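Notebook open, structure loaded. I want to go through the empty spaces, then the ligand, then a few local details.

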Amino acid sequence: MQGYDFIIVGGGSAGCVIAARLSEDADARVLLLEAGGNGRGLLFQIPAGFAKMTKGVASWGWSTVPQRHMKDRVLWYTQAKVLGGGSSINAQIYTRGNAADYDAWETQHNCRGWNYRTLLPYFRKAEGNQRFVNDYHGIDGPLGVSMPLAPLPVADAFIKAAQQYGIHYNPDFNGAQQQGVGFYQLTQRDGKRSSTASAYLEPGTGRKNLEIRTGVQVLRVIVEDQRAVGVEIAFGTRKEVIRAEHEVIVTSGAIGSPKLLLQSGIGPADELRRLGINPVHDLPGVGKNLHDHLDLFVISECSGPHSYDSYAKLHKTAWAGVQYILFKRGPAASSLFETGAFWFSDPSVSLPDLQFHFGLGSGIEAGVASMPRGGVTLNAAYVRPKSRGSVRLRSANPADVPLIDPNYWQEPEDLKRGIAGVRIARDIMRQLALRPFILAERLPGPDVNSDTELFEHLCKNAKTQHHPVGTCRMGTDRLAVVSPELTVHGLDSLRICDSSIMPQINSSNTNAPTIMIGERAADIITGNRVAVAA
Ligand SMILES: Cc1cc2nc3c(=O)[nH]c(=O)nc-3n(C[C@H](O)[C@H](O)[C@H](O)COP(=O)(O)OP(=O)(O)OC[C@H]3O[C@@H](n4cnc5c(N)ncnc54)[C@H](O)[C@@H]3O)c2cc1C
């Protein structure tokens, strides 16, 4: 290809969507640059591959800075480094949050056109739903969205137990109502993970106007006369400048996007000068407003081989492989988190503010204890956090790891509501329906009861839910980084179009909303917006 119209930096959940959509126009020359590998291989296809994904596979290897409100604990902070980004390594849970989350983007954050009614067509456009055909769902989109293939009896018992606790059954968290307990839908098609790389890019592999380069790290966006004109890249020991005739589109994720902007001299001028970076454009909001969901969990030991922990033995793993290859069933077809709930931290709250994920094992994620004789995990997260942190550079060297500070529990309400979630999780696990499956609660354990004891325990055990957002926030005020058209304030030909633009996190997992952002961004760029019925 001779020259490029669009350079997309970061082939993650949003970047792959935008690359695929822009290259539908055969006249648009598109280059997609991804620092990680191509994400092919069995581990990325098999749903249960998730069990390896927070332990160092295809990720940047980052950690947080010491968390001031968590007794200076440093948390492992997995972020994807592979084509498909988070969608290639995540737990595949497909949720969107609450309609009110998006309405707040428009009404409280001044993001015109970003309300639920306008955004629903983009969720639907992306979606190829295996089960639901109604106003909330699309069936023809590239992204496979399916019911779990391998739930175990203990998952049904969890759903019953939550109802015994008082949470009603909900067949579709992304439909008319968010709250309730039930099965999650998963980003899978025909028993395989549906990442944005496999769903959006593979069908267009033969396109002559789309070039995908993996193993290429972008060092900076090049700005001339307040206009983005290209990027400087590094691959191996070599460096190269590539120019874009129309736009540079940054989709490097909620940590990677602000990092790249800061490396390019776009950000708070005084902060940049202190690092020895020449400010190209003073934009004080870059890297601010980082927020995330914090996972708190209860682990119970099972009374028998009721969870997938029993498959850790070699002969059972081999049998699981055979089952998967022959029937697309069994443990390897499970994303390990297939049921869950949305509920309220107290009865006075008007929107669901807690999310629960029931894990069919223990030790599924890095840093989480595993039960020697097998267990199950119930994660509880407060999904409307008020705490805000930042992403900063450690130095002017792009190879340096960023300073990631989610600033968990800066706001005491986040801790209070998180603890309320743990108490509910414990209560659910003690209900009648789960008794035949559970020997005893092991974490936090029977001796940990008061708020102070729980705080001490959670400081040591809480983990990220891998949902960072907000660091290049959309809006129109002084600290906003992009406009509602996703253009960087004060610069031409530069957009940011990923999870970093969310002004406020949606109250659930963040992959589907990020894919929606990718779909909408592509339509904004091509001027081809989906019409919303009057
Ligand atoms: C372990 C894990 C589990 C998760 N589980 C779920 C789940 O079950 N359900 C759900 O909805 N959400 C889940 N999420 C969150 C969800 O996947 C993310 O919110 C989403 O993928 C973010 O998309 P993004 O496009 O903003 O960034 P990413 O998908 O992270 O993409 C950014 C891409 O840019 C690349 N990049 C960064 N900097 C550069 C550079 N300088 N040059 C070149 N390339 C660069 C990165 O390598 C990466 O591939 C999970 C995330 C993780 C990490």
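**Entry 1: the second largest cavity.** I began with the second largest cavity, which has a volume of about 140 Å³. I looked up its lining and got 14 residues, with Asp-292, Leu-294, Pro-385, Tyr-408 and Asp-414 closest to the centre. Three elements each give two or more residues to this lining: strand S19 (294-302), strand S22 (375-382) and helix H12 (412-429). I sorted the lining of this cavity by class and found 8 nonpolar, 4 polar and 2 charged residues. Note to self: this is a predicted model, so every value here is computed from predicted coordinates.

How many cavities of 30 Å³ or more are there? I get 4 of them.

**Entry 2: the largest pocket.** Next I turned to the open spaces. The largest pocket holds about 910 Å³ of space. Its lining runs to 39 residues, and nearest the centre I find Ala-48, Ala-51, Tyr-311, Ala-312 and Thr-317. Which element gives the most to this lining? That is H11, with 5 residues. Helix H11 spans 314-327, and helix H2 (42-45) and helix H3 (50-53) also supply at least two residues each. I split the lining of the largest pocket by class: 19 nonpolar, 13 polar and 7 charged.

**Entry 3: the second largest pocket.** The second largest pocket has about 560 Å³ of space. I count 26 lining residues for it, and those closest to its centre are Asn-38, Arg-40, Ala-197, Ser-198 and Glu-202. H2 turns up here too, as one of the elements giving two or more residues to the lining, together with strand S11 (192-193), helix H8 (196-201) and strand S12 (210-214). By class, the lining of the second largest pocket comes out as 8 nonpolar, 11 polar and 7 charged residues.

**Entry 4: the ligand.** On to the ligand. I find 36 residues around it, and Ser-13, Glu-34, Ser-499, Thr-510 and Asn-511 are the closest. Then I checked single distances from ligand oxygen atoms:

- To an N or O atom in the side chain of Glu-34, I read 2.7 Å from a ligand oxygen.
- To a polar backbone atom of Asn-511, the distance from a ligand oxygen is 2.8 Å.
- To a polar backbone atom of Ala-14, a ligand oxygen sits at 3.0 Å.

How much of the ligand's accessible area does the protein cover? On its own the ligand has 1000 Å² of accessible area, and the protein covers 96% of that. I then asked where the shell comes from: helix H1 (13-22), helix H4 (86-89), strand S13 (217-224) and helix H14 (511-526) are the elements that give two or more residues. H4 provides the largest share, 3 residues. I also sorted the ligand shell by class and got 12 nonpolar, 21 polar and 3 charged residues.

**Entry 5: salt bridges and strand S18.** My salt-bridge count is 25. I picked one to look at: the side chains of Lys-288 and Glu-271 pair up, with 3.4 Å from N to O. This pair links distant parts of the chain, as Lys-288 is in strand S18 (residues 288-290) and Glu-271 is in helix H10 (residues 269-274), 17 residues apart. While on S18, I also checked Asn-289, which lies in that strand. The phi of Asn-289 is near 70°, a positive value in a residue that is not glycine.

**Entry 6: a cis peptide bond.** Last item of the day. Which residues does the cis peptide bond I looked up join? Leu-443 and Pro-444, with omega at about 0°. I placed Pro-444 in the loop between strand S25 (438-443) and helix H13 (451-461).

Notes:
Residues numbered from 1 in each chain as written. Predicted model: local features only at pLDDT ≥ 70, side-chain atom pairs only at ≥ 80, totals over all residues. Heavy atoms only, no water. Near = heavy atom within 4 Å. Polar contact = N/O pair within 3.5 Å; in protein donor to acceptor, adjacent residues only side chain to side chain. Areas by Shrake-Rupley, 256 points an atom, 1.4 Å probe, with all protein chains shown as cover. Helix = DSSP H or I, 4+ residues; strand = E, 2+ residues; numbered from the N terminus. Nonpolar A, V, L, I, M, F, W, Y, C, P; charged D, E, K, R; others polar. 1 Å grid on protein atoms, 1.4 Å probe; cavity = no way out; pocket = protein on both sides within 12 Å on 5 of 7 lines; lining within 4 Å. Points joined across faces, edges and corners; volume = space filled by probe spheres on them. Salt bridge = Lys/Arg side-chain N within 4 Å of Asp/Glu carboxyl O.
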